[in-house]
Amino acid sequence: QADARLEVQASALRSESSGLWSLLELICDVVVPLDDRLRVSEQALRLGALLTMQGKSLQGTRLQDFMPLVEDQEAFLRCTLEANTGDTQALHVKLRDSLGNAVR
């Protein structure tokens, strides 16, 4: 019975996560899943297009590699640490595309 309860809870969590992901994709230019090492965990083709890297998989890439400013890299790391405590916030950083141009 405990296994069945855990499965129901896991299913509800997956459904909630999927709904939140869909909402983010509606309001954001790009939504990028990260793994536990803060690396892109999927191909992220939409991010690649935004960074003028069409068709190139960004899986395994550190997101902060596209942040030219050290302050932005540090803010990103702080934000991810705070997210683990349940304290969420918006993060605004500057990104550079593959040609070195600022992404707007």
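## Order of elements

From the N terminus onward, the secondary structure elements follow the order α-α-α-β-β, giving the chain 3 helices and 2 strands. The model is predicted.

Of the 104 residues in the chain, 20% are buried. Among contacts with a separation of 6 or more, 30% are between residues 24 or more positions apart.

## Helix H3

Helix H3 covers residues 70–83 and contains 14 residues. At 1.5 Å a residue, a span of 20 Å is expected for H3, and the end C-alpha atoms are indeed 20 Å apart, so the two values agree.

The buried residues of H3 are Asp 72, Ala 75, Phe 76, Cys 79 and Thr 80. Viewed down the helix axis, these buried residues fall within an arc of 135° and therefore line one face of H3. An α-helix has 3.6 residues a turn, so residues three or four places apart point the same way. On the other side of H3, both Glu 71 and Leu 81 are exposed.

## The second largest pocket

The second largest pocket has a volume of about 150 Å³. Its lining consists of Trp 21, Glu 25, Val 30, Val 31, Val 32, Pro 33, Glu 42, Ala 44, Leu 45, Arg 46 and Leu 47. Two elements each give two or more residues to this lining, namely helix H1 (2–27) and helix H2 (45–50). H2 provides the largest share, with 3 residues.

In terms of residue class, the lining of the second largest pocket comprises 8 nonpolar and 3 charged residues, with no polar residues.

## Loop residues with positive phi

Most residues other than glycine have a negative phi. Two loop residues of this chain, described below, have a positive value although neither is a glycine.

Ala 44 lies in the loop between H1 and H2 and has a positive phi of about 55°. With a relative accessibility of 14%, Ala 44 counts as buried, because the cut-off for that class is under 20%. Ala 44 is also one of the residues lining the second largest pocket.

Thr 52 is located in the loop between H2 and H3, and its phi is likewise positive, at about 55°. The relative accessibility of Thr 52 is 32%, so this residue counts as partly exposed.

How values were computed: Residues are numbered from 1 along each chain as its sequence is written. This is a predicted model: local features need pLDDT of at least 70, side-chain atom pairs count only at pLDDT 80 or more; totals for chains, interfaces and linings use all residues. Side-chain values use heavy atoms; hydrogens and water are left out. On a 1 Å grid over the protein atoms alone, a cavity is a set of points where a 1.4 Å probe fits but cannot get out, and a pocket is an open set with protein on both sides within 12 Å along at least five of seven lines; lining residues have an atom within 4 Å of a point. Grid points are joined across faces, edges and corners, and a volume is the space filled by probe spheres set on the points. Helices (H or I, at least four residues) and strands (E, at least two) are DSSP runs, numbered from the N terminus. Ala, Val, Leu, Ile, Met, Phe, Trp, Tyr, Cys and Pro count as nonpolar, Asp, Glu, Lys and Arg as charged, and the others, Gly among them, as polar. The expected span of a helix is 1.5 Å times one less than its number of residues. Buried means under 20% relative accessible area, exposed over 50%, partly exposed in between (1.4 Å probe, protein chains only). The arc is that of the directions from the helix axis to the C-beta atoms. Contact means heavy atoms within 4.5 Å.
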